[in-house]
Amino acid sequence: MTNQLNAIERLAEVKQERMQKNLKARYAKEKRFQVYGIMSICLGMAFLAMLLGTIFYGGASSFMTSEIKLTINYDPDVIGVTDLTDEDELKWADWRGLLSTSLAERFPEVSGRSAVRQRNALVSSIAEYSLRDRLLANPEKLGTSEEIWIVADDEIDAVMKGQVDRTVPESERRITDLQLSLIDSLEAEGEIRQKFNTTFFTAGDSREPEQAGIRGAMIGSFYTLLVTLLLSFPIGVAAAIYLEEFAPQNRLTEVIEVNINNLAAVPSIVFGLLGLAVFINVFHLPRSAPVVGGLVLTLMTLPTIIISSRSAIKAVPPSIREAALGLGASKMQMVMHHVLPLAMPGMLTGTIIGMAQALGETAPLLMIGMVAFIADIPGGPLDPATVLPVQVYLWSDLPERAFVAKTSGAIMVLLGFLAIMNLLAVYLRKKFEKTW
Amino acid sequence: MKKTIFAAILATTATMAAVPSFARDQISIVGSSTVYPFATVVAERFGKATSYATPTIESTGSGGGLKLFCEGVGENTPDITNSSSYIKQSQFDACAEKGIDIIEVKIGYDGIALANSKKGVKLDVTQKDLFLALAAEVPDASGKLIANPNKTWKDVNPSLPNVAIRVLGPPPTSGTRAAFVELVMEEGCEAYEGLSDEVCTSMREDGAFVEAGENDNLIVQKLDADTTAYGIFGYSFLDQNSDKLQGASFNGVDITFDNIADGSYPVSRPLHFFIKKQHIGVIPGVLEYAELFLSPAAQAEDGYLAEKGLIPLGGAELKEMRKAVQTQKVLVMN
């Protein structure tokens with residue numbers, strides 16, 4: 001008896017020991033798994049921090065610009081215009097002359113053809129057009145003079161931001177010794193300053209970095225997304241409601257369902273090719289126009305919206321439908337009064353995420369001519385326009401060094417819009433979400 | 001039910017068919033990515049200085065541009081295409097088939113640089129050196145073709161430094177690549193007799209020549225990081241990065257503005273654009289845009305195009321081009 005008991009005890013002991021060991025191993029396994037999880041999160045965060053870090057480090061300087069204070073004398077003799085309403089005279093007006101005479105008065109000691117050229121290159125090479133616009137808006141200024149801050153050239157701006165090494169020989173710099181001495185003299189008098197770059201947000205694209213802005217691309221993105229939203233939201237929701245609530249379950253609807261899911265995985269360039277073939281070549285819509293971009297992006301976002309809307313409708317409990325029908329509501333009333341309002345937050349979240357995807361898309365726009373230099377700010381969805389991610393791509397490919405910072409600046413603006421849209425999606429979901 | 005579906009389909013088709021066609025009032029330009037940085041400068045000034053709208057410029061590559069250009073006559077086709085190589089007979093025929101009359105405008109020259117970091121060794125090469133360094137197959141001592149055995153520049157030519165060959169260049173779709181092959185590889189090939197075109201134009205694929213994509217800024221950044229590598233790109237990028245990079249000299253001639261302008265630097269090519277004659281007078285400003293491109297302010301030696309790195313046309317050529325634009329001289333081939 002005791003022997004038997006002892007044997008059982010021993011067996012229990014052995015088992016216990018084994019169990020303890022096993023338990024330890026299981027705990028260790030769980031610990032390890034958690035560590036892996038934390039490591040992957042840390043790795044992901046590190047990559048994100050690196051990405052954001054390089055963009056902010058590179059792009060911060062694009063939000064500042066340099067200006068030079070000059071006394072501009074709107075002398076009719078210099079411009080060669082006596083009557084500002086005379087189109088013929090304006091055609092031959094010498095607006096650049098305003099800047100060069102003003103610079104000559106500021107630096108009378110500079111002489112010689114090459115030196116004068118370097119002196120004139122202090123201010124932006126298309127700054128004269130803002131002077132022209134200023135004078136045409138205030139014709140009474142003709143013949144008077146005023147002190148005004150003029151945008152400096154991007155090379156001068158680089159010096160002000162400390163990006164130019166003054167110790168290297170003159171031949172290896174884009175900026176000459178003479179220009180450096182002129183900048184120093186302006187700086188000593190407080191006639192050159194750095195200020196917040198409003199041009200970056202108010203101007204369209206330009207080939208001069210100091211005059212380039214993202215407003216054109218922002219408006220282009222706005223019109224494109226507007227067209228996309230106006231088309232894809234109603235079509236997507238209607239399609240989802242029909243498929244989920246009304247459509248009979250048969251072969252045909254099954255085929256449609258599979259195709260919608262497939263469509264969501266089609267590379268976006270394919271939609272661009274389709275847009276070129278159908279909207280431009282068949283319907284003769286204008287090239288480079290946001291309306292075509294919006295149509296193409298509608299095709300791209302439709303599957304996303306339909307799929308998310310369908311799952312939002314599916315999530316509405318059947319009891320609500322049955323209750324509505326039981327109280328005598330028609331099927332239409334049941335959908336419109338009960339299912340749709342309850343599914344709306346999910347549909348909106350899906351739509352916003354689809355829109356955010358569309359905002360970041362460039363490939364389909366390549367085929368329909370929206371990857372282009374467009375300086376004028378679009379006035380409507382039929383005017384030629386480009387979009388934010390395309391502006392990033394175009395600037396990254398230009399030779400001028402200052403466009404590197406502009407590229408990062410544009411990325412920051414794009415990321416800002418994406419963050420706002422995603423936050424909006426989270427907010428809508430939190431605010432209108434119903435739990436049962 | 002059937003009636004509803006039928007009505008829905010009818011309504012959809014009706015809205016789609018009712019789209020009117022739109023009049024275009026800005027010039028549409030497509031074509032070469034090499035000409036793009038120069039054409040955009042002129043286009044911007046054209047929009048600012050005149051009452052015309054700013055032209056839109058798509059960077060599609062020379063070949064892609066001509067394809068779009070030759071699709072036909074009409075508002076939904078481009079008015080002008082930029083090109084970094086001359087129009088080919090096949091492209092000309094495709095255009096002629098659609099009844100398009102072309103006006104050719106040469107706008108200047110662009111040098112192709114073989115550049116590296118200032119911290120590295122500057123090269124002085126000949127076309128033959130580069131052929132031996134970069135061709136997929138080269139003849140050995142007995143004249144038999146073998147896979148390129150050259151590992152360092154010294155293997156190619158004893159006077160060159162003992163640095164491993166690593167050259168970053170544009171992909172085959174690029175006009176710069178086509179010009180490099182024509183002006184360097186094919187020239188270098190002529191040092192040997194009886195080599196086929198195939199041998200002359202094939203680049204190595206064993207890592208000594210790396211296709212680095214169309215983005216020249218990317219090549220510039222890579223050269224800055226890797227001081228032993230060399231890169232092939234347009235002169236304007238070297239000009240903008242003259243504090244970081246140095247260009248190799250060909251046959252002892254340095255790549256400078258003056259040397260490209262007087263033709264002594266051998267690796268340079270003319271840049272063009274082609275105007276669709278049928279669009280002159282239909283799309284406002286086409287001729288005026290071409291005139292602005294050839295105006296003194298743009299083409300002067302210290303003009304704004306030279307500022308961006310384009311080598312402007314000389315006196316006689318410039319006059320000839322201005323006359324071609326004024327008289328709307330149609331291009332004829334064969």
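**Exercise 1. Is Cys70(B) buried or exposed, and which residue is its disulfide partner?**

Step 1. Cys70(B) has a relative accessible area of 9%, so Cys70(B) is buried. Buried means under 20% relative accessible area, exposed means over 50%, and partly exposed lies in between (1.4 Å probe, protein chains only).

Step 2. The partner is Cys95(B), with the two sulfur atoms 2.0 Å apart. A disulfide is a pair of cysteine sulfur atoms within 2.5 Å. Such a bond is covalent.

Step 3. Place the pair. Cys70(B) sits in the loop between α3 (62–69) and β3 (80–83) of chain B, and Cys95(B) sits in helix α4 (residues 89–97) of chain B, so the bond ties together parts that are 25 residues apart in sequence. Helices (H or I, at least four residues) and strands (E, at least two) are DSSP runs, numbered from the N terminus.

Step 4. Check the partner and the hand. Cys95(B) is buried at 0% relative accessibility. The S-S torsion of Cys70(B) and Cys95(B) is about -85°, so this disulfide is left-handed.

This is a predicted model: local features need pLDDT of at least 70, side-chain atom pairs count only at pLDDT 80 or more, and totals for chains, interfaces and linings use all residues. Residues are numbered from 1 along each chain as its sequence is written, chains are lettered from A and ligands numbered from 1 in the order in which they are written, and side-chain values use heavy atoms, with hydrogens and water left out.

**Exercise 2. How many disulfides are there over all chains, and what pattern do those of chain B follow?**

Step 1. The search of the whole structure gives two disulfides.

Step 2. Cys189(B) and Cys200(B) form a disulfide, with sulfur atoms 1.8 Å apart. Cys189(B) belongs to helix α7 (residues 175–189) of chain B and Cys200(B) to helix α8 (residues 197–201) of chain B, so the pair ties together parts that are eleven residues apart in sequence.

Step 3. The S-S torsion of Cys189(B) and Cys200(B) is about -70°, so the disulfide is left-handed. Both cysteines are buried.

Step 4. Count bonded cysteines along chain B: the pattern is 1-2, 3-4.

**Exercise 3. Describe how the two domains of chain B meet.**

Step 1. Domain 1 of chain B covers 23–110 + 269–326, and domain 2 covers 111–267. These bounds come from an automatic or database domain assignment.

Step 2. The domain centres, taken over C-alpha atoms, are 29 Å apart.

Step 3. 15 residues of domain 1 are in contact with 15 residues of domain 2. Contact means heavy atoms within 4.5 Å.

Step 4. About 1,000 Å² is buried between the two domains, and carbon and sulfur atoms give 57% of this. Buried area is the accessible area (1.4 Å probe) that two parts lose on being put together, summed over both. Asp110(B), Arg269(B) and Ile311(B) supply 51% of the area that domain 1 buries against domain 2, more than any other three residues.

Step 5. The domain interface has zero salt bridges. A salt bridge is a side-chain nitrogen of Lys or Arg within 4 Å of a carboxyl oxygen of Asp or Glu.

**Exercise 4. How many residues of each chain are in contact between chain B and chain A, and how many salt bridges are there?**

Step 1. 41 residues of chain B are in contact with 38 residues of chain A.

Step 2. The area buried between the chains is about 3,700 Å², with 48% from carbon and sulfur atoms.

Step 3. The chains share six salt bridges. Glu58(B) forms a salt bridge with Arg287(A), the closest N and O atoms being 2.7 Å apart.

Step 4. Elements that each supply at least two residues to the side of chain B that touches chain A include α1 (2–17) and α2 (36–49) of chain B. The largest share of that side, nine residues, comes from α2(B).

**Exercise 5. Where in chain B do Lys48(B) and Glu44(B) lie?**

Step 1. Both lie in helix α2 of chain B, four residues apart, about one turn of the helix. An α-helix has 3.6 residues a turn, so residues three or four places apart point the same way.

Step 2. Lys48(B) and Glu44(B) form a salt bridge, the closest N and O atoms being 3.6 Å apart.

Step 3. Compare exposure. Lys48(B) is partly exposed at 30%, whereas Glu44(B) is buried at 3%.
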